[in-house]
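Hello,

Here is the structure I promised to pass on to you. Have a look at it first, and then read on for my notes.

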Amino acid sequence: LFSDVANFTAMSEGMDPDELARVMNNYFEVAVTSCIQKTDGTVVKFIGDAIFAIWNAPEPQENHEFLACRGALNLRDGVARAFEDVECDKEIRTRIGLHSGEANVGNFGSRSRFDYTAFGENINLAARMEGLNKYVGTDILITGEVEQAVPGKFVTRFVGYFVLKGFAKAFKVFELVDELEKADNSKVWRDLFETGLNHYFHQEFDEAEQTFLELLALKPGDGPSNFYLQQIAEARSQNLPEDWQGEILMADK
């Protein structure tokens, strides 16, 4: 898991350093104690306002993908409590990325200083998932590997195929929406989004555009719908290759 506080610069600009330290300590306390450790996750490190955490290490966990998803939802919902007394002209949210795969985990560093951490391509992919939220307009993105490991246990929506910076192939990406018992709250707009995405994949751009606009009328500000409206505008101006399947190339992290 990688997380990052959206609009952190805007929030911290002009804030007294001692007040900022108090706010961030409160945030990390909520994130670590009530969200990550509560689901048996291990916080590897803080990187500024970002958090890097892992499950299934140092001790094996058979249901580590499930625990990580629950920890991510806790973190998303807990950020409101942590920043409830902060004055900011922009909404403060936590962007979270999850991926599951093999990695090198252990103590790394020099003879005089080392850290318990994790390295590998799968770690980089989790970090890319976190960054992708900024472009798609979501809070929690998970890879197909995570979705496959928790079938029917959470509310998710498929948001497309993405070729991320530094990777050659396209990955299936899902939004982690909510706990399963809240599925009815989002079913209508999730079904609409699925319909719009299918139109997009079949290059039925007029139908896709109309469907995403209909969804936005129902759920104003929906990030993925706005994202695909931009993709439709770009696709109409391009000569798409014959083998195009709707994958989106991301040039930035």
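Let me start with the contacts: in the protein chain, of those between residues at least 6 apart in sequence, 64% join residues at least 24 apart. Please keep in mind that this is a predicted model.

On the overall build, the protein chain has 8 helices and 10 strands. Its C-alpha trace spans about 60 × 40 × 35 Å along the principal axes. The radius of gyration is 19 Å, which agrees with the value near 18 Å that a compact globule of 253 residues would have. As for burial, 50% of the 253 residues count as buried. The chain exposes about 13500 Å², and carbon and sulfur atoms supply 45% of that area.

You may want the charges for your own setup. There are 24 positive and 42 negative side chains in the protein chain, and the centres of these two sets lie 4 Å apart.

Next, the cysteines. The disulfide count comes to 0. For Cys35, the closest cysteine sulfur is that of Cys69, and it is 14 Å away; a disulfide needs the two sulfur atoms within 2.5 Å, so this is too far for a bond. Seen from the other side, Cys69 has its closest cysteine sulfur in Cys35, again at 14 Å. Cys35 counts as buried because its relative accessibility is 1%, and Cys69 counts as buried at 0%.

Finally, some backbone details that you might like to check on screen. As background, most residues other than glycine have a negative phi, and most peptide bonds are trans.

- The loop between strand S3 (50-54) and helix H3 (64-82) holds Pro58, and the peptide bond from Ala57 to Pro58 is cis, with omega near 5°.
- Asn56 lies in the loop between S3 and H3. Although Asn56 is not a glycine, its phi is positive, at about 70°. With 32% relative accessibility, Asn56 counts as partly exposed.
- Asn7 sits in the loop between strand S1 (2-6) and helix H1 (8-12). The phi of Asn7 is near 60°, another positive value in a residue other than glycine. Asn7 counts as partly exposed, because its relative accessibility of 30% falls between the 20% limit for buried and the 50% limit for exposed.

So if you open the loop between S3 and H3, you will find both Asn56 and the cis bond from Ala57 to Pro58.

Happy exploring, and best wishes

Notes. Residues are numbered from 1 along each chain as its sequence is written. This is a predicted model: local features need pLDDT of at least 70, side-chain atom pairs count only at pLDDT 80 or more; totals for chains, interfaces and linings use all residues. Side-chain values use heavy atoms; hydrogens and water are left out. Helices (H or I, at least four residues) and strands (E, at least two) are DSSP runs, numbered from the N terminus. The radius of gyration is taken over C-alpha atoms; the globule rule is 2.2 Å times the number of residues to the power 0.38. Buried means under 20% relative accessible area, exposed over 50%, partly exposed in between (1.4 Å probe, protein chains only). Contact means heavy atoms within 4.5 Å. Accessible areas come from the Shrake-Rupley method with a 1.4 Å probe; for residues, only the protein chains shown count as cover. Lys and Arg count as positive and Asp and Glu as negative; His and the chain ends are not counted. The place of a charge is taken as NZ of Lys, CZ of Arg, CG of Asp or CD of Glu.
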